[in-house]
Amino acid sequence: MTNDVKPLLQVRNLRKYFPVRGRLFRTVQAQVKAVDDVSFELMPGQTLGLVGESGCGKSTLGRALLRLHEPTSGEVLFNNEGDMTDVASMDKAELLKQRREMQMIFQDPFASLSPRRTVAQTLLEPLETHGIGTAAEREDKLKELMKTVGLRPQVLHRYPHEFSGGQRQRIGIARALTLNPKFIVADEPVSALDVSVQSQVLNLIKELQEEQGISFLFVSHDLAVIQHVSDVVAVMYLGSIVEMADAGELFANPKHPYTQALLSAIPVPDPKTKSKRIILGGDVPSPMNPPTGCPFHPRCSQATDACRSSEPVQTVVSPPDTTDSAPDAGPHTVSCHLYAP
Amino acid sequence: MNTAVMTDNTVADAPRRTLWSKAFYKFRRDRAGMLGLGIVLVYAFVALGVWLGLWATGWADVTGPKWGPVSAEYWFGTNLIGQDIFARALYSTRTAFEVGLVVAILSTIIGAVFGAFSGYFSGGITDELIVWLMGVLDSIPFYLLVAAIAFSLGDNPYAMHIAMIATFWIGTARLVRGEVIKLKEYEFIEAARSIGVSQIVIIFRHILPNTMHILLVQSTITFVAAIKSEVILSFLGIGVQDGMSWGLMISESTLEVLAGFFNNFIAASLLMFGLVMAFNMFSDALQDALDPRSVS
Amino acid sequence: MSPGVSQTLLSVRDLTVEFATEQGRVRAVDRVSFDVQAGEIVGLVGESGCGKTVTGLSVLGLVPRPPGDIVAGEILFEGKDLLQLDESGMRAVRGGDISMIFQEPMTALNPVFTIGAQMTEVLRLHKQLSRSQARAATIEMLDLVGIPAPAKRIDEYPHQLSGGMRQRVMIAMALSCGPKLLIADEPTTALDVTTQAQVLEQIVKLQSQFDMGVILVTHDLGVVAETCDRALVMYCGEIVESAPVGELFESPAHPYTAGLLSSIPRIREQRLDRLPVIDGVVPDLLHLPPGCRFADRCERANSACRKQRPDLNGESSLVRCFKPLSETKAGGAS
């Protein structure tokens with residue numbers, strides 16, 4: 001970093017393991033390492049795109065940051081007025097206050113709103129829980145939120161089932177904005193929407209990035225969506241980040257074999273580009289039974305003996321390309337034996 | 001803000017349709033259910049009248065002959081002592097509703113709360129304790145338990161009610177627990193947690209209202225079960241102590257039947273059968289109408 | 001792709017399917033007509049609610065009735081109208097001449113039977129093979145779809161396989177009797193991207209090997225571009241455009257198709273500031289406008305578009321629009 005603006009979020013060696021208990025005596029038999037030693041930084045106003053397939057741990061990571069899952073170990077340092085405080089070790093009272101800075105947008109528009117509460121009730125709940133504003137101020141806030149997400153205030157008294165998927169997703173976004181958070185985890189916010197609605201919601205998110213300066217952790221399996229909204233991109237596989245770089249750099253020079261395969265696997269809506277597909281062998285592995293050494297080696301066409309036996313270390317492939325217009329540029333890192341120093 | 005399109009014109013202009021109105025519409029088309037509801041309402045009206053003192057006030061009066069036949073004055077004849085069977089049967093309707101409502105409402109509430117806590121904290125100590133409690137109570141034969149409670153409570157006129165509530169809550173609790181285990185994985189619950197809503201508030205504000213379809217149906221089932229149980233308990237002498245009920249009437253009539261007089265028995269059985277049958281039809285239709293898979 | 005003369009395998013004419021709902025009857029599929037040639041992969045594309053899945057289900061008589069009801073149309077398979085067949089007649093066709101694979105491999109396979117049991121059942125039903133013959137044929141099929149160690153896997157249960165594997169088992173089951181037509185309903189939507197690539201490759205390979213006709217129902221235009229020869233775009237129960245895939249993507253004629261293509265997020269060299277958007281929402285099927293169903297959301301719509309419903313026009317490529325984008329397509333009135 002060439003400037004001395006502190007990061008908004010610093011994640012250090014975050015781990016989330018789920019114990020697998022035996023059936024009879026409930027002793028812990030094994031651990032599902034859903035998130036395994038993840039570290040990254042996020043600057044204010046920056047969006048980190050987290051991409052990966054099912055079982056890679058990206059959703060778990062997002063939830064662990066908000067302590068919807070309790071982290072097993074590691075630190076989640078959040079910039080509160082210059083102090084980097086660890087969210088992972090806060091007590092209940094501190095955490096309640098902290099929640100005002102960190103919110104979440106969920107994937108399923110049909111399951112993320114309580115079916116028996118009106119839109120108004122859903123949006124008021126954060127304000128009531130934190131005791132913010134008088135009745136009149138809350139009413140104004142709700143109207144403002146509805147306008148921000150492009151819905152008319154008249155529909156505040158309707159129930160979720162009266163709206164379409166795209167509209168419900170907007171309500172979910174409005175809810176996340178209620179407390180004026182600095183950081184939002186967006187967990188696959190457009191994956192469940194129709195194609196023609198996706199672009200509307202993505203544009204809304206871009207507006208929030210630009211006009212309100214909110215930092216996002218944008219989780220998705222769709223690389224095209226990730227490219228559209230992210231400044232930095234991290235690729236996850238079986239609980240670890242295997243590659244991370246500024247968005248432009250990652251899409252131009254993907255280094256990790258998995259990233260390359262992922263990029264080539266996306267069906268392109270253009271019949272002329274019969275891409276040279278890298279078809280991976282095998283299936284996405286289950287985090288309960290991870291392979292030895294590099295977790296990707298069973299499917300990697302370039303695997304060596306080192307890959308099978310030892311875990312790769314994170315290496316910097318190219319240094320940050322900081323310019324005046326991109327002061328927050330980060331390095332391009334890969335966890336792969338092919339690039340080991 | 002230019003690209004966020006105002007997309008909700010159709011929503012704002014459409015007529016309000018709550019989940020309840022959808023269910024209501026569906027229920028109305030079920031003829032058996034509507035018939036059942038109609039009959040239940042008639043019974044309820046009768047019970048209300050008795051409670052207000054409008055009719056059947058003379059149910060205990062000894063006015064007629066012993067075993068009088070069906071006549072214009074005594075619609076079902078008279079019993080061994082000379083009391084009006086029809087009046088007694090009508091009075092018993094009030095008892096049935098009283099027992100049914102008290103037991104249904106209270107056991108549903110208790111079952112809902114226990115089931116919700118058990119389900120929300122499933123796998124934890126709370127859940128283990130509640131499930132253990134349900135198992136213990138369930139393994140004691142119902143009538144033994146009632147007898148024990150009635151005996152220990154002595155003259156308390158609500159001994160029977162308490163005994164029934166103490167056992168009927170379990171059925172509701174189990175169903176609610178199962179539903180809550182599913183519900184708590186929904187994202188709107190995660191959303192509430194991410195806002196900082198406390199767990200108790202989540203249970204009462206978000207989880208329990210979404211079990212209403214179960215609670216409504218369960219309360220009707222419990223209502224019927226309470227009435228049927230009361231019959232047997234009164235027959236055994238540990239049910240209704242003062243007042244009159246169908247169970248007591250049937251109990252009285254055992255001697256009479258041996259002597260060839262059936263009116264008492266028939267009157268009580270008929271009325272009870274009518275209510276139970278109608279309520280069951282209503283309950284089935286209600287369950288179909290409230291099925292969240294077809295309503296939501 | 002079969003060389004020489006290809007016969008018309010399937011011919012759907014004016015198919016109309018309605019559903020009874022609480023608020024009235026909804027027309028999910030409205031006078032849909034199209035052909036499928038032997039050895040051709042046809043994509044049926046559209047968003048949720050456009051009627052593509054119901055169209056696919058109708059071919060095999062799998063639309064639940066009630067509440068569904070096929071009110072009009074014919075579905076000619078090798079000249080025979082499938083809609084006139086009774087249930088036992090349809091059962092002879094299903095799995096034999098026409099097969100289907102579904103979206104959710106989780107629920108399409110019976111969890112309490114081994115995959116071997118399920119696959120041999122199909123073979124013995126349609127081809128009257130003996131148990132050992134069916135088992136041998138099944139192992140061959142599993143190998144063909146790329147399942148490693150098929151002789152072992154044949155005795156496993158669905159939950160022991162991953163999503164991608166289960167989908168391949170479904171494909172194997174669907175192809176085991178050598179059908180002439182395969183209907184694939186969103187076969188890869190529930191799969192990861194890398195698995196999707198494998199499965200699609202498999203489908204294309206098997207299609208050319210068996211020389212089958214394929215109807216691929218999907219909402220993913222990328223999938224259509226990669227696998228299909230021809231594509232039909234559906235909107236609100238109607239076909240709004242039909243063209244060879246190259247043409248469809250290069251010069252879409254219908255404004256909806258063009259709108260879809262431009263609003264899909266895709267990997268670009270220079271990322272866009274804002275994605276193009278199709279204004280408005282899909283109209284409620286209960287309250288359809290009198291004219292063109294897309295008029296409300298169309299930048300090019302005029303008063304004629306809102307008053308009268310356009311017909312499907314054209315020769316090899318068809319479009320339902322009074323003001324199509326490409327001038328070479330025949331317009332309707334105006």
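Leaving aside its neighbours within four places in sequence, with which residues is A:V235 in contact? The residues are A:V51, A:G52, A:I241, A:V242, A:E243, A:H256, A:Y258, A:T259 and A:L262; two residues are in contact if their C-beta atoms, placed from the backbone, lie within 7 Å.

This is a predicted model, in which local features need pLDDT of at least 70, side-chain atom pairs count only at pLDDT 80 or more, and totals for chains, interfaces and linings use all residues. Residues are numbered from 1 along each chain as its sequence is written, while chains are lettered from A and ligands numbered from 1 in the order in which they are written.

## The nonpolar core

A:V235 also belongs to the largest nonpolar core, where A:A234 and A:V235 touch the most other members among 267 residues. A nonpolar core is a set of buried Ala, Val, Leu, Ile, Met, Phe, Trp, Tyr and Cys residues joined through C-beta atoms within 7 Å. Helix α4 (residues 85-120) of chain B gives the most to this core, namely 16 residues. A residue counts as buried if 20 or more other C-beta atoms lie within 10 Å of its own, as exposed if 12 or fewer do, and as partly exposed in between, with C-beta atoms placed from the backbone.

## Chains A and C

The table lists values for two chains. Helices (H or I, at least four residues) and strands (E, at least two) are DSSP runs, numbered from the N terminus.

| Chain | Helices and strands | Span along principal axes | Buried residues |
|---|---|---|---|
| Chain A | 10 helices and 12 strands | roughly 65 × 60 × 50 Å | 51% of 341 residues |
| Chain C | 12 helices and 12 strands | about 65 × 50 × 45 Å | 47% of 334 residues |

For chain A, with 341 residues, a compact globule would have a radius of gyration near 20 Å, and the chain's 21 Å agrees with this. For chain C, with 334 residues, the expected value is likewise near 20 Å, and the value of 21 Å agrees. The radius of gyration is taken over C-alpha atoms, and the globule rule is 2.2 Å times the number of residues to the power 0.38.

Among the contacts in chain A with a separation of 6 or more, residues 24 or more positions apart account for 64%. In chain C, 62% of the contacts between residues at least 6 apart in sequence join residues at least 24 apart.

## A sheet in chain A

Chain A holds an open sheet of four strands, with the order β2-β1-β4-β5 and antiparallel pairing; two strands pair if DSSP finds at least two bridges between them. Strands β2 (28-42) and β5 (83-86) of chain A stand at the edges with a single partner strand each, so one side of each is left without a neighbour in the sheet. On average, neighbouring strands of this sheet are turned by 30 degrees against each other, direction ignored. Axes are lines fitted to C-alpha atoms, for helices over the stretch in contact, and angles run from 0 to 180 degrees between N-to-C directions.

Strand β1 (residues 9-21) of chain A pairs with β2(A) in the antiparallel sense over 11 bridges. The bridge partner of A:K16 in β2(A) is A:V35. Helix α1 (residues 58-65) of chain A packs on the sheet and touches β1, β2 and β4 (73-80) of chain A, its direction making about 70 degrees with that of β2(A).

## Strand β10 and helix α11 of chain C

Six of the seven residues of strand β10 (residues 238-244) of chain C are buried, so this strand is largely enclosed by the rest of the structure. Strand β9 (residues 230-235) of chain C pairs with β10(C) in the antiparallel sense over six bridges, and C:A231 stands opposite C:A243 in β10(C). The hairpin of β9(C) and β10(C) has two residues between the strands, and C:C236 takes a positive phi near 55 degrees there. β10(C) also pairs in the antiparallel sense with strand β12 (residues 318-319) of chain C, over two bridges; C:S242 stands opposite C:L318 in β12(C).

Helix α11 (residues 255-263) of chain C is mostly covered, with seven of its nine residues buried. Its buried residues include C:P255, C:Y256 and C:L260. What covers the buried residues of α11(C) includes α6 (195-212) of chain A, together with α9 (221-227), β9, β10 and α10 (245-250) of chain C.

## Where chains A and C touch

The contact takes 37 residues from chain C and 33 residues from chain A. On the side of chain C that touches chain A, α7 (163-175), α8 (193-210), α9, α10 and α11 of chain C each supply at least two residues. The largest share of that side, six residues, comes from α8(C). The residues of the side of chain C that touches chain A divide into 18 nonpolar, 11 polar and eight charged. Here Ala, Val, Leu, Ile, Met, Phe, Trp, Tyr, Cys and Pro count as nonpolar, Asp, Glu, Lys and Arg as charged, and the others, Gly among them, as polar.
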